[in-house]
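Work through the exercises below with the sequence and the structure at hand, and try each task before you read its solution.

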Amino acid sequence: MNQSHQLLIIGGPNAGKTHFVCQLYNRLDAKRSTYHMVTAPLDLTVIKSVIGRLAQGLSGEHTESGLNEEINFVVANKYKEIALSFPDYAGEQIRTLVRDRLVSSRWYELITQSDEWLLLIRPDEIPTLEDITTRGLANVEDLKSRFAIVPKQVELAPPSFYIELLQMMLYIKGKSVITPVIEPRLTIALSCWDTLNLSSSGVTPFGELQKRLPFLATFLETAWAHDSWRVCGLSSLGRTLDTKVPDDDFVDEGPETAGYLVLPSGEHDPDLTKLITF
Ligand SMILES: Nc1nc2c(ncn2[C@@H]2O[C@H](COP(=O)(O)OP(=O)(O)OP(=O)(O)O)[C@@H](O)[C@H]2O)c(=O)[nH]1
Ligand SMILES: [Mg+2]
C-alpha cells in the first residue's frame, strides 16, 4: 500500500450526499466495485435507515438539521487506501458556513486534515440567472411583482456561492490561489445527472458545468493545477424515487446495481467508487 488519502465529501442542501454515501456503501457491501471496505462505519444508523427505504423502492428522507452524524469508512485496493470522512450534516450547514463566515472547530479539522475534496452540486436545482439576454424588457406590471419580492437576507447566487465556499476552504487550508493548487485535489460531481435528460454519449460533465456555472468552471481552470481537478456526473439512483410510492423495478433490479457515474470523458460507468478515487 503506497498511498493513503483523506477525502472530504461536501455539498449543499438536497445535493444527494446521503444517497450517494448509501449507494457507495451498498456497492462496497455487494462487492461490486474495484475497492473493498477495510473498515466499515462505526455507526450505521443513517446508512441503514436510508438503505432500508431504498430496498423498498422509496427515497430516503432529508437529513435533519440537528443531526451531526459523521460517517467514516476506509476503503482500499492493491495500491491505495482511502479514508472517507462524510459529515452527514443537513446541507444547510454549508450555506451557513459561507453566509456567516464562521467555521466550527470540527469543520476546521475536516478541511485541514483532508487532501482530497469531493463537492456535490445538483445542476437541476440551479436557477437560471436572469440577465438582459434572458429577461427582456419589463413592463410596469412585471416590475411591480419583481420589486414585491424582497430577499430576507442577501444571499450569494450559486456561481458566487461555490467560488466563495472553495475560496474559504482553501484559506482555511492555508492555500493561496496565486499559484495553481495541487493539493487538495478537487472533484466536482454534478449530481442527479439522470434528471438532466442528456444523451448518454458525447456529453462531458465539464461541458455541462461550463454551460450551467461558467464562472465556477473558469475559477477551477485558473485556481487549480491542471491534473488536480476534474468534473464528473453522478446519478446515485439512476432515477427519481418517491418518498411514498414504491418503485418496484428499482427493487427487482436491486438498489446495489442502480446508478452510475459519468467520467470526465463522458463515458458512463456503474462503479461509483471511481468518484472517490482520482
Ligand atoms: N433523480 C435522482 N434523484 C436523486 C438521486 N440521488 C438523490 N436523489 C434525490 O435527491 C433528494 C436529495 O437527496 P439526499 O441524498 O437526501 O440529499 P442531501 O444532500 O443528503 O440533502 P440534505 O440532507 O437535505 O442536506 C432526495 O429526494 C433523493 O431521492 C439521483 O441519483 N437521481
Ligand atoms: Mg442528507
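**Exercise 1: A strand and its neighbours**

Task: Work out how strand β6 sits in this predicted model, and which strands pair with β6.

Solution. Begin with burial: strand β6 covers residues 185-190, and five of its six residues are buried, so the strand is largely enclosed by the rest of the structure. Next, turn to the pairing with strand β5, residues 116-121, which runs parallel to β6 and is joined to it by six bridges. One pair to look up in the structure is Leu119 with its bridge partner Ile188, which belongs to β6. Then move to strand β7, residues 229-235, which is also parallel to β6 and is connected to it by five bridges. Here Leu190 can be followed to its bridge partner in β7, Gly233.

**Exercise 2: One residue of β5**

Task: Decide whether Ile121 is buried or exposed, and find how far its C-alpha atom is from that of Gly233.

Solution. First place the residue: Ile121 belongs to strand β5. Because its relative accessible area is 0%, and buried means under 20%, Ile121 counts as buried. Finally, compare position along the chain with position in space: Ile121 and Gly233 are 112 residues apart along the chain, while their C-alpha atoms are separated by 9.6 Å.

**Exercise 3: Asp269**

Task: Carry out the corresponding steps for Asp269, taking Leu234 as the partner for the distance.

Solution. Asp269 is found in strand β9, residues 268-269. Its relative accessibility is 10%, and therefore Asp269 counts as buried. Along the chain, Asp269 and Leu234 are 35 residues apart, and the separation of their C-alpha atoms is 9.8 Å.

**Exercise 4: The faces of a helix**

Task: Find which residues of helix α4 are buried and which on the other side are exposed.

Solution. In helix α4, which spans residues 105-113, the buried residues are Trp107, Leu110 and Ile111. Looking down the axis of α4, one finds these buried residues within an arc of 95°, so they line one face of the helix. On the other side of α4, by contrast, Ser105 and Gln113 are exposed.

**Exercise 5: An antiparallel pair**

Task: Describe the burial of strand β3 and the sense in which β3 pairs with strand β2.

Solution. Strand β3 takes in residues 69-76, and since six of these eight residues are buried, the strand is largely enclosed by the rest of the structure. Strand β2, residues 36-39, pairs with β3 in the antiparallel sense, and three bridges hold this pairing on record. To find one of these places in the model, start from Met37 and go to its bridge partner in β3, Val75.

**Exercise 6: The surroundings of ligand 1**

Task: Describe the shell around ligand 1, and name atoms of the protein that lie close to its oxygen atoms.

Solution. Start with the count: 23 residues surround ligand 1, and those that come nearest are Lys17, His19, Ser59, His62 and Gly91. By type, the shell divides into 14 polar, five nonpolar and four charged residues. Helix α1, residues 17-29, provides the largest share of the shell, with three residues. Now look at single contacts: an N or O atom in the side chain of Arg122 is 3.0 Å from an oxygen atom of ligand 1. Backbone N or O atoms also lie at 3.1 Å from a ligand oxygen in the case of Ala15, and at 2.9 Å in the case of Ser236. As a last step, consider area: ligand 1 taken alone exposes 650 Å², of which the protein buries 92%.

Key: Residues are numbered from 1 along each chain as its sequence is written. Chains are lettered from A and ligands numbered from 1 in the order in which they are written. This is a predicted model: local features need pLDDT of at least 70, side-chain atom pairs count only at pLDDT 80 or more; totals for chains, interfaces and linings use all residues. Side-chain values use heavy atoms; hydrogens and water are left out. Buried means under 20% relative accessible area, exposed over 50%, partly exposed in between (1.4 Å probe, protein chains only). Helices (H or I, at least four residues) and strands (E, at least two) are DSSP runs, numbered from the N terminus. The arc is that of the directions from the helix axis to the C-beta atoms. Two strands pair if DSSP finds at least two bridges between them. A residue is near a molecule or strand if one of its heavy atoms lies within 4 Å of it. A polar contact is a pair of N or O atoms within 3.5 Å; within protein, one must be able to donate a hydrogen and the other to accept it, and residues adjacent in sequence count only if both atoms are side-chain atoms. Accessible areas come from the Shrake-Rupley method with a 1.4 Å probe; for residues, only the protein chains shown count as cover. Ala, Val, Leu, Ile, Met, Phe, Trp, Tyr, Cys and Pro count as nonpolar, Asp, Glu, Lys and Arg as charged, and the others, Gly among them, as polar.
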